[in-house]
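Thanks for coming. I'll go through one structure this morning, piece by piece, and then stop.

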Amino acid sequence: MGEPSGMNEIVVLRNPGAGRGRHRGSLPGVLERLGAAGRPVRVLDAASAAEAEQACRDAVAAGAAALVAMGGDGTVHVAQQAVAGTAVPLGVIPAGTGNDFATSAGLPADLYAAADAIAAALREGRTRALDLARITCLDGSVRWYGAVLAAGFDAIVNERGNRMRWPRGPLRYDLAVFLELVRLRPRRYTVTVDGQTSVLDAVLLAVGNTAAYGGGMRICPDADATDGLLDMVWAEPVSRATLVRIKPRVYQGTHITHPKVRSLRAREITLAAEGIVCYADGERIGPLPVTVTAVPAAVHLLA
């Protein structure tokens with residue numbers, strides 16, 4: 001009997017629009033380099049994020065040799081839903097605008113170098129185990145993420161920006177930031193940390209598996225995807241002017257020393273608050289409450 005369809009294949013999930021499309025011409029070279037692993041390479045065909053996720057799940061269930069995400073954090077996020085908790089390894093070729101998961105994992109920034117590293121790791125049977133964060137929503141649905149969950153000001157800005165029809169492009173986000181700064185107010189959270197519940201007021205709140213989100217903002221600078229723990233960072237109630245001063249420091253991670261910024265580390269965190277929709281890896285998850293759990297070695301990274 002032959003192997004089932006999908007066995008031994010390197011399956012590639014590609015987002016042609018990632019990085020504003022600047023890597024569209026790179027696919028043939030990437031596929032050639034992946035083929036140096038000595039296995040057949042197949043590019044998944046999907047017209048939507050939902051189709052892409054299902055195609056990834058089908059490929060993993062069929063016994064793919066590896067699932068490779070070529071795109072930004074959103075593409076990696078889709079792939080993680082399929083490989084989390086399985087033995088199928090994940091390869092990442094960073095072709096997005098932010099690539100926060102790939103950067104935090106220390107992967108090559110160059111597409112061809114990343115493809116060469118994946119092929120070499122496959123040939124040598126070498127992977128690196130990394131933690132993922134598992135989100136359990138109120139309806140019982142589960143999502144996984146590799147970078148950061150936003151549940152404060154940045155999530156509120158994302159939600160507003162996604163609702164806006166004008167302007168298009170980056171200006172829409174800038175306008176959403178301005179509009180939400182005008183409306184800035186602390187939100188009250190009920191937070192359960194490893195079984196202990198408390199109430200806190202915050203304007204900014206994030207839970208990191210790795211350090212960065214939003215294209216290099218090191219919101220959880222001490223997060224480590226190999227320690228089996230989540231890092232939660234939040235800013236206590238501050239004025240608009242203070243928040244504007246704190247935000248640029250996030251790129252270096254020095255905001256963590258501000259007297260109004262707090263952090264903690266835990267295995268499981270439940271967040272509840274009225275009127276907040278959370279985002280993870282830049283993708284819309286849904287309204288709070290959610291429970292986030294650190295899952296050690298949930299993904300096997302080809303690196």
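Which residue just after H3 takes a positive phi? That is Gly85, with a phi of about 75°. Before going further, please keep in mind that this is a predicted model.

Let me stay with helix H3 itself, which covers residues 73-83. Ten of its eleven residues are buried, so the rest of the structure largely encloses this helix. The buried set runs from Asp73 to Thr75, Val76, His77, Val78 and Ala79, and on through Gln80, Gln81, Ala82 and Val83. You will notice polar names in there, such as Gln80 and Gln81, alongside the valines and alanines.

H3 also brings us to the nonpolar cores. The largest has 32 residues, and within it Leu67, Leu90, Val92 and Leu301 touch the most other members. Several elements each supply at least two residues of this core. On the strand side they are E1 (10-14), E3 (66-71), E4 (90-94), E5 (128-137) and E16 (290-301). On the helix side they are H2 (49-61), H3 and H4 (100-104). There is another core apart from this one, with 29 residues, including Leu205, Ile285, Leu288 and Val292. As background, nonpolar side chains in soluble globular proteins tend to be buried together.

Which residues does Leu90 touch, if we do not count those up to four places away in sequence? From H3's stretch of the chain there are Val76, Ala79, Gln80 and Val83. Leu90 also touches Leu67, and then a run made up of Val299, His300, Leu301 and Leu302.

Now to a different part of the model, strand E11, residues 230-235. Why do I call E11 largely enclosed? Because six of its six residues are buried. Both faces are covered, with Leu230, Met232 and Trp234 buried on one side and Asp231, Val233 and Ala235 buried on the other.

E11 has a strand partner in E10, residues 204-208, through five bridges, and the two run antiparallel. In that pairing Val233 stands opposite Ala206. E11 is also joined to E12, residues 261-266, by six bridges, again antiparallel. There, Met232 has Leu264 as its bridge partner.

Trp234 and Ala235 come up once more when we look at Ala202, a residue of strand E9 (residues 196-202). Ala202 has 1% relative accessibility and therefore counts as buried. Leaving aside neighbours within four places in sequence, Ala202 contacts Trp234, Ala235, Glu236 and Pro237, and also Pro186, Arg187 and Tyr189. For a sense of distance, Ala202 and Ile93 lie 36 Å apart, C-alpha to C-alpha, with their positions 109 residues apart in sequence.

On to the cysteines, since someone always asks. How many disulfides does a search of the whole structure find? Zero. For Cys56, the nearest cysteine sulfur is that of Cys137, 19 Å away. Cys278 has its closest cysteine sulfur in Cys137 as well, at 6.5 Å, which is too far for a bond. Cys56 counts as buried because its relative accessibility is 0%. Cys278 is likewise at 0%, so it counts as buried.

Last, the rings. The structure holds zero aromatic pairs. What sits over the ring of Tyr112? The charged end of Arg33 does, 4.2 Å from the ring's centre.

That is what I have. Questions are welcome.

Notes
Residues numbered from 1 in each chain as written. Predicted model: local features only at pLDDT ≥ 70, side-chain atom pairs only at ≥ 80, totals over all residues. Heavy atoms only, no water. Buried < 20%, exposed > 50% of the residue type's maximum accessible area, 1.4 Å probe, protein only. Helix = DSSP H or I, 4+ residues; strand = E, 2+ residues; numbered from the N terminus. Pairing = 2+ DSSP bridges. Disulfide = S-S within 2.5 Å. Phe/Tyr/Trp six-rings, centres within 6.5 Å; stacked < 30°, edge-to-face > 60°. Lys NZ or Arg CZ within 6 Å of the ring centre and 35° of its normal. Core = buried A, V, L, I, M, F, W, Y, C linked by side-chain atoms within 4.5 Å. Contact = heavy atoms within 4.5 Å.
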